[in-house]
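The exercises below ask you to read a structure step by step, each with a worked solution. Please keep the sequence and the model open beside the text while you work.

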Amino acid sequence: MDSDKHGLAVILGSRDVTAFLRTSWEREALLLGGAATPLVERLFTLEDFEQLACGGGADLSVVQEGRARPVVAQRADRVPGRHVLTAYRSGATLLLSSLATRWPAVGELCRGIELDLLERGVLPADPVSANAYLTPPRAQGFDRHQDDHSVLVVQLHGSKRWEVFAPGAQKPEALVSATLEPGDVLSIPRGFPHVAHTTNKASLHLTFGLHTLSWADAMAEMLRTHEPFRRSVTGHGDAGPTLPDLPALDVPGYVRNRRIRCIAELDPLPGGQLAADAAATAVEPDTLVRRVPLMPSESGSEYGLASLTFPGGTLRLDGRLQPVIDHVAKVELFAPRELPAVGKHYDAVELTRLLVRHNIFRPVEKAARAAPPAPVPAALPAPAPAGQATAQADRARDLTLVRDSGPAAGHHLGWMRLRERLSAAECDDFIAACRDLPLTTPTTVDETSHPGHRRAETRHVPNEPRTAWVYRLVEAVAQEAAQTAYGFDLTGITRSPQYVEYLPGNGHFHRHNDYSHDQLDSPRKITVIIQLSDPTSYEGGVLQMFGVDIEELPRERGSVLVFPSLIDHCVTPVTRGLRRALVAWVAGPRLR
């Protein structure tokens, strides 16, 4: 799959996930031609279907005359391949159920969809299901029907003709009437009748069932806790039954608790769990651990205990560890020595080992860390340091500076961005390099008078083999901006850049500028900021610039932003997730 995409983004292609959930999902039947083409050969193939269907142990049914039934077998635990082929050749559709737990690639895609829903406030009532249907030529599986959940159909092999109708519509015309080819996607909302059949080609498709919590289900759950609504429906005389008064309902609290319950009810994805105990014993204070892919966690408190909920269970610890658990729930990468200090109530190494044993985090392989390059003959260029191969530090970059709105680049002293963003691999490599660095105290001008002006975790970034490419990039971008837009004279980087993490809850930097007025010889004149976090991974943390209007600067991961250091700017408080960024400055002669 595309390494930069997961979940719904993989299925929907170029369509924005948030826009799809807001405007199309549960509202309209939608055909997306070719949206899932990259999945066709990598998700689930005809050979994969045969392996599961004929190998035994799978949830296999045949669909014929509109009904599903088990394949006839001599033993309940084994379905001989000849019975499967006989049913298929007789015109039956073969149905493989529960693929999310039987095929890793499908399971990971289902988990990605579940996380997409949770991140956007849509609560799953049950885990996302995945079924595969293999239909022979000129055949039909189920008759026209409707589902009580929304589905996404992904065509993988052959073709199939689909018709989708409006719910309760008396007119026979279909809302969608189309033949799906490999890579095509069809979104069918719950309650929309539909039917499908093959023509002269066999068809293999996957159906993803999105079982989400309805308002009716949520209201029933909330009202069940109120005594009048637990009584029988009764009435007296001609008046008939009377509905009890509706109580004030704590909807935000219910949604928050239901979200935590949803996460706990997800099954852990297979992979790495059996090795987790051994990995945990190797954790030391400086061991870097990374969150296991597609492993969300949510912090909370129960009966005075701090809780961490994740797929497969909940950890409940001493309530004094709440700041630590809140931090761990959102962070992607950390070492035990970097966990928040809350006195002597816990051992950070033992807590990290516990998280590794539950396969929430996994130690980063030491081989992936930077190592000094081996000596080479002077006549040959030195190879890129380990872990930096994807960054290609010395490759030619497009240094064109652009603006997305407002005055064109170079027409005023406002912000600009590099047209070419850093890749996800470059961002990951740089974050990994910086996470090894010691924490430093974030400082601001007149900190004693304004102690709450800045809240962040910072690390000074030295100019060493693994980070040297960033130094060169910053200086190149600043020189380009000075020559094409600002007309500044520059001397270079005189203060170490900072790797900054704004933590959830109160990570911020109030309005300020970077010019460093106290430095008479060579103050900072150009600020360069690199956005290192995916904007969907955090809320708040907006980089704003103050001029005639307040402008919000681009948030896309890998964006390289540049502006004069004397311009006021701020970072709004982070309310969810973790925002990572590099902040660097290039100095020059004092302005006169």
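Five exercises follow, and they are set on a predicted model.

**Exercise 1. Determine how many aromatic pairs the structure holds, and work out which geometry Phe44 and Trp103 adopt and what parts their pair ties together.**

Solution. Begin with the total, which is 6 aromatic pairs in the structure. A pair of aromatic rings is described by the distance of the centres and the angle of the planes. For Phe44 and Trp103 the centres are 5.5 Å apart and the planes stand at 85°, and since planes over 60 degrees apart count as edge-to-face, the pair is edge-to-face. Next, locate the two residues: Phe44 is in the loop between strand E1 (30–32) and helix H3 (46–55), whereas Trp103 is in the loop between strand E4 (93–97) and helix H5 (104–119), so the pair ties together parts that are 59 residues apart in sequence. Both Phe44 and Trp103 are buried. Finally, ring pairs join Phe49 to these two, giving a cluster of Phe44, Phe49 and Trp103.

A second pair can be treated in the same manner. The ring centres of Tyr133 and Phe142 are 6.5 Å apart and their planes meet at 75°, so this pair too is edge-to-face. Tyr133 has a relative accessible area of 14% and is buried, while Phe142, at 28%, is partly exposed.

**Exercise 2. Find which rings have Arg511 and Arg524 over their faces, and at what distance from the ring centre.**

Solution. Take Arg511 to start with: this residue lies over the face of Phe546, at 4.1 Å from the ring centre. Then turn to Arg524, which lies over the face of Trp585, at 4.6 Å from the ring centre.

**Exercise 3. Locate Ser98 and Asn359, and decide for each whether the residue is buried, partly exposed or exposed.**

Solution. The background to this exercise is a backbone angle: most residues other than glycine have a negative phi. Ser98 is not a glycine, yet its phi is positive, at about 60°. The residue lies in the loop between E4 and H5, and its relative accessibility of 33% makes it partly exposed. Asn359 likewise has a positive phi, near 60°, in a residue other than glycine. Its place is the loop between helix H10 (348–357) and strand E17 (361–363), and with a relative accessible area of 5% Asn359 is buried.

**Exercise 4. Describe helix H10: how many of its residues are buried, which contact is found at its start, and what surrounds Glu350?**

Solution. Count the buried residues before anything else: 7 of the 10 residues of H10 are buried, so the helix is largely enclosed by the rest of the structure. These buried residues are Ala348, Val349, Leu351, Thr352, Arg353, Leu355 and Val356. At the start of H10, a side-chain oxygen of Asp347 comes to within 2.9 Å of the backbone nitrogen of Val349, and after the helix comes Asn359 with its positive phi.

Glu350 is also part of helix H10, but at 38% relative accessibility this residue counts as partly exposed. Its side chain makes a polar contact of 2.8 Å with the side chain of Arg353. An α-helix has 3.6 residues a turn, so residues three or four places apart point the same way. Away from the helix, the C-alpha atom of Glu350 is separated by 9.5 Å from that of Pro285, although their positions lie 65 residues apart along the chain.

**Exercise 5. Identify which residues line the largest cavity, and state how the lining divides by character.**

Solution. The structure holds 1 cavity of 30 Å³ or more, and about 50 Å³ of space lies in the largest cavity. Its lining consists of Pro124, Ala125, Asp126, Pro127, Cys262, Glu265 and Leu266. Sorting these residues gives 5 nonpolar, no polar and 2 charged; Asp and Glu count as charged, which accounts for Asp126 and Glu265 in the list.

Notes:
Residues numbered from 1 in each chain as written. Predicted model: local features only at pLDDT ≥ 70, side-chain atom pairs only at ≥ 80, totals over all residues. Heavy atoms only, no water. 1 Å grid on protein atoms, 1.4 Å probe; cavity = no way out; pocket = protein on both sides within 12 Å on 5 of 7 lines; lining within 4 Å. Points joined across faces, edges and corners; volume = space filled by probe spheres on them. Phe/Tyr/Trp six-rings, centres within 6.5 Å; stacked < 30°, edge-to-face > 60°. Helix = DSSP H or I, 4+ residues; strand = E, 2+ residues; numbered from the N terminus. Buried < 20%, exposed > 50% of the residue type's maximum accessible area, 1.4 Å probe, protein only. Lys NZ or Arg CZ within 6 Å of the ring centre and 35° of its normal. Polar contact = N/O pair within 3.5 Å; in protein donor to acceptor, adjacent residues only side chain to side chain.
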